[in-house]
Amino acid sequence: MNKTFKSVAVLKSKPEKIDYLRNALLQLIEPSRKEIGCMYYILFEDKKSAGTFYMWEAFEDEKAFEFHTQTEHFKNFAGQMDELMSEPIQLVELERISEE
């Protein structure tokens with residue numbers, strides 16, 4: 001049985017690049033949601049820590065997530081990370097343990 005891949009990516013902007021990182025992340029939303037296997041792809045910003053973003057994402061399985069990381073739009077974003085981010089992306093893989 002394939003297991004759903006769910007994660008939260010934590011992305012912290014350089015102080016002078018907050019708007020640039022926000023816009024770059026927003027550019028990922030539409031093409032990522034159109035990928036086969038993408039269940040959701042939702043961007044949040046920490047209300048108390050400007051420039052700290054959380055991408056809440058789910059894919060049908062790990063293979064669909066791996067495909068996502070190889071898309072042109074994701075690779076374009078990845079090429080900007082060093083310029084925009086104050087530290088490396090932190091990917092927190094999640095496993096649901098409670099019922100709704």
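A residue counts as buried when its relative accessible area is under 20%, as exposed when that area is over 50%, and as partly exposed in between. These cut-offs are applied here to a predicted model, first to its salt bridges and then to one of its pockets.

**Salt bridges**

The structure contains five salt bridges. Three of them are listed below.

| Salt bridge | Closest N to O distance |
|---|---|
| Lys3 – Glu95 | 3.4 Å |
| Lys17 – Glu83 | 3.5 Å |
| Glu45 – Arg22 | 2.9 Å |

In the pair formed by Lys3 and Glu95, the closest N and O atoms are 3.4 Å apart. Lys3 belongs to the segment before E1 and Glu95 to the segment after strand E4 (90-94), so this salt bridge ties together parts that are 92 residues apart in sequence. Lys3 is exposed because its relative accessible area is 55%, and Glu95, at 56%, is likewise classed as exposed.

A second salt bridge joins the side chains of Lys17 and Glu83. Lys17 is found in the loop between E1 and H1, while Glu83 is part of helix H4 (residues 81-84); the pair therefore connects parts that are 66 residues apart in sequence. With a relative accessible area of 19%, Lys17 falls under the 20% cut-off and is therefore buried. Glu83, by contrast, has a relative accessible area of 47% and is partly exposed.

The side chains of Glu45 and Arg22 meet at 2.9 Å, N to O. Glu45 lies in strand E2 (residues 38-45) and Arg22 in helix H1, so the contact ties together parts that are 23 residues apart in sequence. Both partners are partly exposed: Glu45 has a relative accessible area of 30%, and Arg22 has one of 24%. These two residues also belong to a network of salt bridges that links Asp19, Arg22 and Glu45.

**The second largest pocket**

The second largest pocket encloses about 150 Å³ of space. Its lining consists of 15 residues, and those nearest the pocket centre are Ala9, Glu57, Phe74, Ile89 and Leu91. Two or more lining residues come from each of strand E1 (5-12), helix H1 (18-33), strand E3 (52-59), helix H2 (62-69) and helix H3 (72-78). Among these elements, H2 gives the most, with three residues. By residue class, the lining comprises twelve nonpolar residues, two polar residues and one charged residue.

Note on methods: Residues numbered from 1 in each chain as written. Predicted model: local features only at pLDDT ≥ 70, side-chain atom pairs only at ≥ 80, totals over all residues. Heavy atoms only, no water. 1 Å grid on protein atoms, 1.4 Å probe; cavity = no way out; pocket = protein on both sides within 12 Å on 5 of 7 lines; lining within 4 Å. Points joined across faces, edges and corners; volume = space filled by probe spheres on them. Helix = DSSP H or I, 4+ residues; strand = E, 2+ residues; numbered from the N terminus. Nonpolar A, V, L, I, M, F, W, Y, C, P; charged D, E, K, R; others polar. Salt bridge = Lys/Arg side-chain N within 4 Å of Asp/Glu carboxyl O. Buried < 20%, exposed > 50% of the residue type's maximum accessible area, 1.4 Å probe, protein only.
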